[in-house]
Amino acid sequence: MPKIINCELSSDIDELYLYVISDVHIGSPQCDVKKFKKLIAEIESTEHSIVILNGDLIDNAITNSKSNVYSQTMPPSEQLRYVAELLQPIKDKIVVIHQGNHCSRTSKQVGFDLSEALAVELVGRAKAEEIYSPNPYLLFVEFGRNQGRDCRKTIYSIYGRHGMASGTTVGSKANQLYKTGDMIPNTDVVIHSHTHLPLIFKDTVTNIDYRNRKVNIKNRLFVNSASF
């Protein structure tokens, strides 16, 4: 089961910007740090914005991984400190921190969760326990007003996971994103990362309302986040 994470915001917010950051791979010689810093500055200056950290913020090459440990620009401990430093200006906007496959290497080998350490460094232990998940998550975001009624806010559901897909074609990566939506078919937004392909599309699903004996149509947004 996914971890449930709640994000309750003001009813005065009419429009909210959601940024998904993943696959930065700090420490890799291919990492575009300048581009990452530019995004951080954009988020910092964007009012009413929230952030999901969806895994693989650091490259974390180890001796038995596919990444080349000898070509890293800095060791994993420095990678962790550096990415925490870069994220400091937007730490209050972060609503989810999720583990990617690169950080899970260390978790599997020695039982130390680098992503959890990053979460504690950024937001403190108490909040990290609320918003960090090594597993898939279901985020409920509540803000604004629901159909003009003052007493209720609009609630959106977002299902996300870093992913472990191995396909190389655009079609296989799109299929992996779409299959992720099968985990919880009724969610508003589905987020997948890992494949480094910027991709977005929509679809609709039908749900039977047994109580009112009718069929409801729901729109879903699928997002595959890019890499740096």
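Which residue in β10 is the bridge partner of H192? The partner is N224. This report describes a predicted model, in which local features need pLDDT of at least 70 and side-chain atom pairs count only at pLDDT 80 or more, while totals for chains, interfaces and linings use all residues. Residues are numbered from 1 along each chain as its sequence is written, and side-chain values use heavy atoms, with hydrogens and water left out.

**The mixed sheet**

Helices (H or I, at least four residues) and strands (E, at least two) are DSSP runs, numbered from the N terminus. Two strands are said to pair if DSSP finds at least two bridges between them. Strands of a sheet pair through backbone hydrogen bonds, either parallel or antiparallel.

An open sheet of six strands has the order β1-β6-β7-β8-β10-β9, with mixed pairing. β1 (3-8) and β9 (199-209) each have a single partner strand, so one side of each is left without a neighbour in the sheet. From one strand to the next, the twist averages 25°. Within this order, β8 (residues 189-192) and β10 (residues 214-224) pair in the parallel sense over four bridges.

Helix α6 (residues 170-180) has K173, A174, L177 and T180 buried; buried means under 20% relative accessible area, exposed over 50%, and partly exposed in between (1.4 Å probe, protein chains only). These residues cover an arc of only 115° around the axis, which puts them on the same side of α6. The arc is that of the directions from the helix axis to the C-beta atoms. The buried residues of α6 pack against β7 (154-161), β8, β9 and β10.

**The parallel sheet**

Another open sheet consists of four strands in the order β2-β3-β4-β5, and its pairing is parallel. Its edge strands are β2 and β5 (132-133), each pairing on one side only. Helix α4 (residues 114-123) packs on the sheet and touches β3, β4 and β5. The direction of α4 makes about 160° with that of β4; axes are lines fitted to C-alpha atoms, for helices over the stretch in contact, and angles run from 0 to 180 degrees between N-to-C directions.

Five bridges pair β2 with β3 in the parallel sense, and I21 stands opposite L53 in β3. Strand β4 (residues 94-98) and β5 run parallel and are joined by two bridges; here I97 is opposite Y132 of β5.

How many of the five residues of β3 are buried? Five of the five are, so β3 is largely enclosed by the rest of the structure. S49, V51 and L53 point one way from the strand, and I50 and I52 the other way.

**Helix α1 and the core**

Helix α1 (residues 33-45) has 13 residues and should span 18 Å at 1.5 Å a residue; its end C-alpha atoms are 19 Å apart, which agrees. The expected span is 1.5 Å times one less than the number of residues. F36, L39, I40 and I43 are the buried residues named in α1. They cover an arc of only 100° around the axis, which puts them on the same side of α1. K34, K38 and S45 are exposed on the other side. The cover over the buried residues of α1 includes β2 (17-21), β3 (49-53) and α2 (76-87).

The largest nonpolar core has 47 residues, of which I21, F36, L53, L87, L122 and L139 touch the most other members. Such a core is a set of buried Ala, Val, Leu, Ile, Met, Phe, Trp, Tyr and Cys residues joined through side-chain atoms within 4.5 Å. Neighbours within four places in sequence aside, L122 is in contact (heavy atoms within 4.5 Å) with L53, A84, L87, Q88, K91, I94 and I97.

**Loop residues**

| Residue | Loop | Relative accessible area |
|---|---|---|
| D23 | between β2 and α1 | 1%, buried |
| Q30 | between β2 and α1 | 64%, exposed |
| H48 | between α1 and β3 | 34%, partly exposed |
| N60 | between β3 and α2 | 1%, buried |

Most residues other than glycine have a negative phi. D23 is not a glycine, yet has a positive phi of about 50°. H48, also not a glycine, has a positive phi of about 55°.

N60 and T106 are 46 residues apart in sequence and 8.2 Å apart in space, C-alpha to C-alpha. Not counting residues up to four places away in sequence, N60 touches Q72, P76, Q79, H102, C103, R105, T106 and L114. The C-alpha atoms of Q30 and D188 are separated by 34 Å, and these residues are 158 residues apart along the chain.
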